[in-house]
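User: I'm new to this structure and would like to learn how to read it. Could you walk me through a few features?

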Amino acid sequence: MRIRTCRSTIALALVALVIFSTRPTVACGPFSLDAVFTFTAHPEFPLEKFAAGEIGIVQPSYARSYLFVAYRHLSGNAFNEQEQKALVALWTQRLEFTYPNYDDEWPKAWLTARQKVPGVGALLKLGVDRRREKPNEYETYINCQQDAFETAAATLDQRIKKFGLESLAVKDFVAGQDQVLSIVLKAK
């Protein structure tokens, strides 16, 4: 009986030692103690249902692309199957933080078109991506996709035809488009 009591006392002492000698630690995420019943930035998964018109209760905090889709469905202007697939692909890309592969060929349409206009400054740098810093976060994304350069080149050609190569309207368009496409002009 005495050995059993001794073992119990030792075991109890070891348990007390472990309990009182440990320091409190913080477990790794998630750090929210609040229950989440709805998504705030996007609708419930699978997103294919939302793109197809099963919009449920639309939250005003959803990203604009989801609000746009909800608006289209609510106004009776639904998306066809191809458009739905494109929407889901966009959302998947954004949610998975995939970064599209930039191709050096993208800006060539704009660079070639702007060389037609006499008197525009030479280019120093071309930056198609954009960086945004938030507290404890850092984002980089491609701000100017291929179609932005192609549309700028086509619009410049139309303006040259309408106003002439030497017109102020054409030169102003080039200067403005350079800013839109994140192009920094070399100072003369």
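Analyst: Sure, let's go through helix packing, a peptide bond and a pocket, keeping in mind that this is a predicted model.

User: Let's start with helices. At what angle do helix 3 and helix 4 pack, and how far apart are their axes?

Analyst: The general idea: two packed helices are described by the angle between their axes and the distance between the axes. Here, helix 3 (residues 64-74) and helix 4 (residues 81-95) sit at an angle of about 160 degrees, and their axes are 11 Å apart. Angles over 145 degrees count as roughly antiparallel, so helix 3 is roughly antiparallel to helix 4.

User: Is the crossing of helix 3 and helix 4 left-handed or right-handed, and which residues meet there?

Analyst: Helix 3 passes helix 4 in a left-handed crossing. On the helix 3 side you'll find S65, Y66, V69 and R72, and they meet E83, L87, L90, W91, R94 and L95 of helix 4. Sorted by class, that contact of helix 3 with helix 4 has six nonpolar, one polar and three charged residues.

User: Now let me try helix 6 and helix 7. What are the angle and the axis distance there?

Analyst: Helix 6 (residues 146-163) and helix 7 (residues 168-180) pack at about 165 degrees, with axes 9 Å apart. That angle makes helix 6 roughly antiparallel to helix 7. Their crossing is right-handed. From helix 6, the contact uses A152, T155, L156, R159, I160 and F163, while helix 7 brings in A169, V170, F173, V174 and Q177. The class count for helix 6 with helix 7 is eight nonpolar, two polar and one charged.

User: You mentioned a peptide bond. Is the one from F45 to P46 cis or trans, and where does P46 lie?

Analyst: Omega is the angle to look at, and for F45 to P46 it is near 0 degrees, so to speak the signature here of a cis bond. You'll find P46 in the loop between helix 1 (2-21) and helix 2 (47-51).

User: And pockets? How much space lies in the second largest pocket, and what lines it?

Analyst: Rolling a probe the size of a water molecule over the atoms shows where empty space is left. In this model, the second largest pocket holds about 290 Å³ of space. Its lining has 16 residues, and P43, E44, I55, G56 and Y62 lie nearest the centre. By class, this lining is made of nine nonpolar, four polar and three charged residues.

Note on methods: Residues numbered from 1 in each chain as written. Predicted model: local features only at pLDDT ≥ 70, side-chain atom pairs only at ≥ 80, totals over all residues. Heavy atoms only, no water. 1 Å grid on protein atoms, 1.4 Å probe; cavity = no way out; pocket = protein on both sides within 12 Å on 5 of 7 lines; lining within 4 Å. Points joined across faces, edges and corners; volume = space filled by probe spheres on them. Nonpolar A, V, L, I, M, F, W, Y, C, P; charged D, E, K, R; others polar. Axes fitted to C-alpha atoms, helices over the stretch in contact; angles between N-to-C directions. Helix = DSSP H or I, 4+ residues; strand = E, 2+ residues; numbered from the N terminus. Parallel < 35°, antiparallel > 145°, perpendicular 65-115°, else oblique. Left-handed = near helix turned anticlockwise from the far one by under 90°. Contact = heavy atoms within 4.5 Å.
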